[in-house]
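Biologist: I am new to this structure and would like a close look at a single part of it, followed outward to whatever that part touches. Please go slowly, and say which residues are covered and which are not.

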Amino acid sequence: MTLKPVSSWTSFGGELAVFDHDSDVCDCEMRFAVFTPPQAKDGPVPVLWYLSGLTCNWSNVMEKSGLQRVAAELGLMVIAPDTSPRGEAVPDDDGYDLGQGAGFYLSATQAPWSQHFHMDRYIVQELSALIEKSFAADMSRQGITGHSMGGHGALTLHLKNPKKFRSVSAFSPIVAPMDVPWGQKAFYTYLGDRKSDWEKHDSCALVRKQPSRAHILVDQGLGDQFLDQQLRPDLFETACAEAGQALTLRRHEGYDHSYYFIASFIEDHLRHHAAALNSL
């Protein structure tokens, strides 16, 4: 796989760069961004994956969260993949919550989605291998975080790959997709109607079956317009308590679902991951 540079900027002594590459897993061209901190000039640094939410791509977190300052201080490389395959040959849907921009970090089994929509394998296998080959990344120290649909992705990919993603956090995650409209629509469309297939991508179901040794950090705004219908952090809180999973769930008055919320607490999440990964 050959990286195709798209753009780059110097930031806080490091570099934010955007690349395209041809993906075998997704059968199309994919785009991602990477912030490389200045410490990478001296050797491999820990890696933090950031998974974005519905309708988003690499630019949302890199342009709106302000993460570069603290990532540069802590020596964290931050990888921001896209939220789905894209392009004229990739199937789409008129709804914002399905199709391009809404990959849900799973591998689709239903046509026409199954040709391209394999975001979990893309991140865990293909893009990870490309990062290891192309950047000064210490792949023995990886964490994962995300927002909304990306929070769902971060939690599920961690719970299924705890030895790969050693630390985990999430902003306003969809924690019980089997029980909320966003998840039900996506799961039925991408995976079919067997609930046993849905459980493999549901954080509440996964943590009950296989809690991890990590301490999960979740931040949730109480002014979030999707809180009661789509997010349901209370269900994840209960599941973690029943499974013995270490969880810090912080609820914040007044904050909504936007990047104003994420920018307010991104430093806490970066420090959470740096502390965990630097202790390995």
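## A loop and its surroundings

Modeller: Proline 112 sits in the loop that runs between strand 5 and helix 3 (119–134), and this loop makes a good starting point in what is, it should be said at once, a predicted model. The peptide bond that leads from alanine 111 into proline 112 is cis, its omega lying near 0 degrees. Tyrosine 105 belongs to the loop between strand 5 and helix 3 as well, and its phi is near 55 degrees, which is a positive value in a residue that is not glycine. For background, most residues other than glycine have a negative phi, and most peptide bonds are trans. Tyrosine 105 is also covered: its relative accessibility is 1%, and it therefore counts as buried.

Alanine 102 is another residue of the loop between strand 5 and helix 3, and with a relative accessible area of 0% it is buried. Once residues up to four places away in sequence are set aside, alanine 102 touches Leu54, Thr83, Ser84, Tyr96, Asp97, Met149 and Tyr190. The loop thus brings together residues from separate parts of the sequence, because alanine 102 and threonine 55, although 47 residues apart along the chain, have C-alpha atoms 6.4 Å apart in space, and buried alanine 102 has a relative accessible area of 0%.

One of the contacts of alanine 102, Met149, leads on to helix 4, which covers residues 149–160. This helix has twelve residues and reaches 17 Å from its first C-alpha to its last, close to the 16 Å expected at 1.5 Å a residue. Helix 4 is mostly covered, with eleven of its twelve residues buried; among them are Met149, Gly150, Gly151, His152 and Gly153, as well as Leu157, His158 and Leu159.

Just ahead of helix 4, serine 148 is placed in the loop that joins strand 6 (137–146) to that helix. Is serine 148 buried or exposed? Its relative accessibility is 3%, and the cut-off for buried is under 20%, so serine 148 counts as buried. Apart from residues up to four places away in sequence, its contacts are Gly53, Phe171, Ser172, Pro173, Ile174, Trp182 and His257.

Two of the residues that serine 148 touches, Ile174 and Trp182, also appear in the surroundings of glutamine 230, whose contacts beyond four places in sequence are Ile174, Val180, Pro181 and Trp182. Glutamine 230 lies in helix 8 (residues 227–231) and is buried, its relative accessible area being 7%. The C-alpha atoms of glutamine 230 and glycine 183 are 8.2 Å apart in space, while the two residues are 47 apart in sequence.

Proline 181, in turn, is found in helix 5 (residues 181–191), and its contacts, neighbours within four places in sequence left aside, are Gln229 and Gln230. At 35% relative accessibility, proline 181 counts as partly exposed. There is also a link back to where we began: Asp97 is among the contacts of alanine 102, and the C-alpha of aspartate 97 is 9.9 Å from that of proline 181, with their positions 84 residues apart in sequence.

After helix 8, arginine 232 occupies the loop that leads to helix 9 (233–243). Like tyrosine 105, which has a phi near 55 degrees, arginine 232 has a positive phi, here about 50 degrees, although it is not a glycine. With a relative accessible area of 26%, arginine 232 is partly exposed.

It remains to look on the other side of strand 5, at helix 2 (residues 67–74). Leu67, Gln68, Val70, Ala71 and Ala72 are buried in this helix, and what covers the buried residues includes strand 1 (4–11), helix 1 (58–64), strand 5 (77–81) and helix 10. Helix 2 packs against helix 10 (residues 259–278) at an angle of about 25 degrees, the axes being 9 Å apart, and the two are therefore roughly parallel, in a crossing that is right-handed. Leu67, Arg69, Val70, Ala71, Glu73 and Leu74 of helix 2 meet Ile266, Glu267, Leu270, Arg271 and Ala274 of helix 10, a set that divides into seven nonpolar residues, no polar ones and four charged ones. After helix 2 comes glycine 75, whose phi is positive, near 75 degrees.

Conventions
Residues are numbered from 1 along each chain as its sequence is written. This is a predicted model: local features need pLDDT of at least 70, side-chain atom pairs count only at pLDDT 80 or more; totals for chains, interfaces and linings use all residues. Side-chain values use heavy atoms; hydrogens and water are left out. Axes are lines fitted to C-alpha atoms, for helices over the stretch in contact, and angles run from 0 to 180 degrees between N-to-C directions. Helices (H or I, at least four residues) and strands (E, at least two) are DSSP runs, numbered from the N terminus. Angles under 35 degrees count as roughly parallel, over 145 as roughly antiparallel, 65 to 115 as roughly perpendicular and the rest as oblique. A crossing is left-handed if the near helix is turned anticlockwise from the far one by less than a right angle, and right-handed if clockwise. Contact means heavy atoms within 4.5 Å. Ala, Val, Leu, Ile, Met, Phe, Trp, Tyr, Cys and Pro count as nonpolar, Asp, Glu, Lys and Arg as charged, and the others, Gly among them, as polar. The expected span of a helix is 1.5 Å times one less than its number of residues. Buried means under 20% relative accessible area, exposed over 50%, partly exposed in between (1.4 Å probe, protein chains only).
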